[in-house]
Amino acid sequence: MVMTPEAKVKKVVVKQLKELEAYYFFPATGVPDIVGCWGGLFFGIECKAGKNTPTALQEKNLRDIEKAGGYALVVNEANMHDVSTLLLSSKKAR
């Protein structure tokens with residue numbers, strides 16, 4: 001089975017979330033691909049591949065997460081290996 005580029009990004013992100021022992025799930029479409037909580041930090045992660053960008057609804061949900069005090073992140077091939085570091089930095093900054 002051939003994995004799509006976005007599925008590869010999700011796989012790398014999930015590996016890091018498992019290593020952090022974060023709670024996460026994959027909700028229905030329109031909200032970030034991965035939603036979860038780690039160490040009291042609520043997060044939403046939208047996974048993209050190539051030049052794909054979040055839809056208007058996904059952008060709105062990411063903004064709403066941040067407005068509510070959570071952490072919103074768009075992850076692609078360029079930063080997919082940095083999720084643990086980004087979550088740690090965000091948690092320390094709060």
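User: Is D33 buried or exposed?
Analyst: Keep in mind that this is a predicted model. The cut-off for buried is under 20% relative accessible area. D33 comes in at 14% relative accessibility, so D33 counts as buried.

User: Which lysine does D33 meet in a salt bridge?
Analyst: The side chains of D33 and its partner come to 3.9 Å, N to O, and the limit for a salt bridge is 4 Å. The pair links distant parts of the chain, with D33 in the loop between β1 (23-25) and β2 (34-38) and its partner 23 residues away in helix α1. That partner is K10.

User: OK, and which other residue forms a salt bridge with K10, with the closest N and O atoms 3.6 Å apart?
Analyst: This partner lies in helix α1 along with K10, four residues apart, about one turn of the helix. K10 is partly exposed, with a relative accessible area of 25%, and the partner is partly exposed too, at 22%. The residue is E6.

User: Which residues are linked in a network of salt bridges?
Analyst: K10 has a salt bridge with E6, and K10 also meets D33 in a salt bridge. Put together, the network consists of E6, K10 and D33.

User: What is the N to O distance in the salt bridge of E19 and K15?
Analyst: E19 and K15 are four residues apart in helix α1, so about one helical turn separates them. Both are exposed. Their side chains meet in a salt bridge with an N to O distance of 2.7 Å.

User: How many salt bridges are there in the whole structure?
Analyst: Among them are E6 with K10, K10 with D33, and E19 with K15. A search of the whole structure brings the count to five.

User: How far apart are the end C-alpha atoms of α1?
Analyst: Helix α1 covers residues 5-20. At 1.5 Å a residue, its 16 residues should span 22 Å, and the distance in the model agrees with that. The end C-alpha atoms are 23 Å apart.

User: Which elements do the buried residues of α1 pack against?
Analyst: The buried set in α1 is V9, V12, V13, V14, Q16, L17 and L20. Contact here means heavy atoms within 4.5 Å. On that basis the buried residues pack against β1, β2, β3 (41-47), β4 (71-75) and α3 (83-93).

User: What does L20 touch, not counting residues up to four places away in sequence?
Analyst: L20 lies in helix α1 and is buried. L20 and L88 are 68 residues apart in sequence, yet 9.7 Å apart in space, C-alpha to C-alpha. The residues L20 touches are W38, S84 and L87.

User: Which residue follows α1, with a positive phi?
Analyst: Helix α1 runs over residues 5-20. Its follower has a phi near 60°. The residue is E21.

User: Why is C37 too far for a bond with the closest cysteine sulfur?
Analyst: A disulfide needs two cysteine sulfur atoms within 2.5 Å. C37 is partly exposed at 31% relative accessibility, whereas C47, the holder of that closest sulfur, is buried with a relative accessible area of 0%. The bond is ruled out because the sulfur of C37 and that of C47 are separated by 18 Å.

User: So how many disulfides does the count come to?
Analyst: C47 is in no disulfide, since its nearest cysteine sulfur, that of C37, is 18 Å away and the cut-off is 2.5 Å. By this rule the count is zero.

Note on methods: Residues numbered from 1 in each chain as written. Predicted model: local features only at pLDDT ≥ 70, side-chain atom pairs only at ≥ 80, totals over all residues. Heavy atoms only, no water. Helix = DSSP H or I, 4+ residues; strand = E, 2+ residues; numbered from the N terminus. Buried < 20%, exposed > 50% of the residue type's maximum accessible area, 1.4 Å probe, protein only. Expected span 1.5 Å × (residues − 1).
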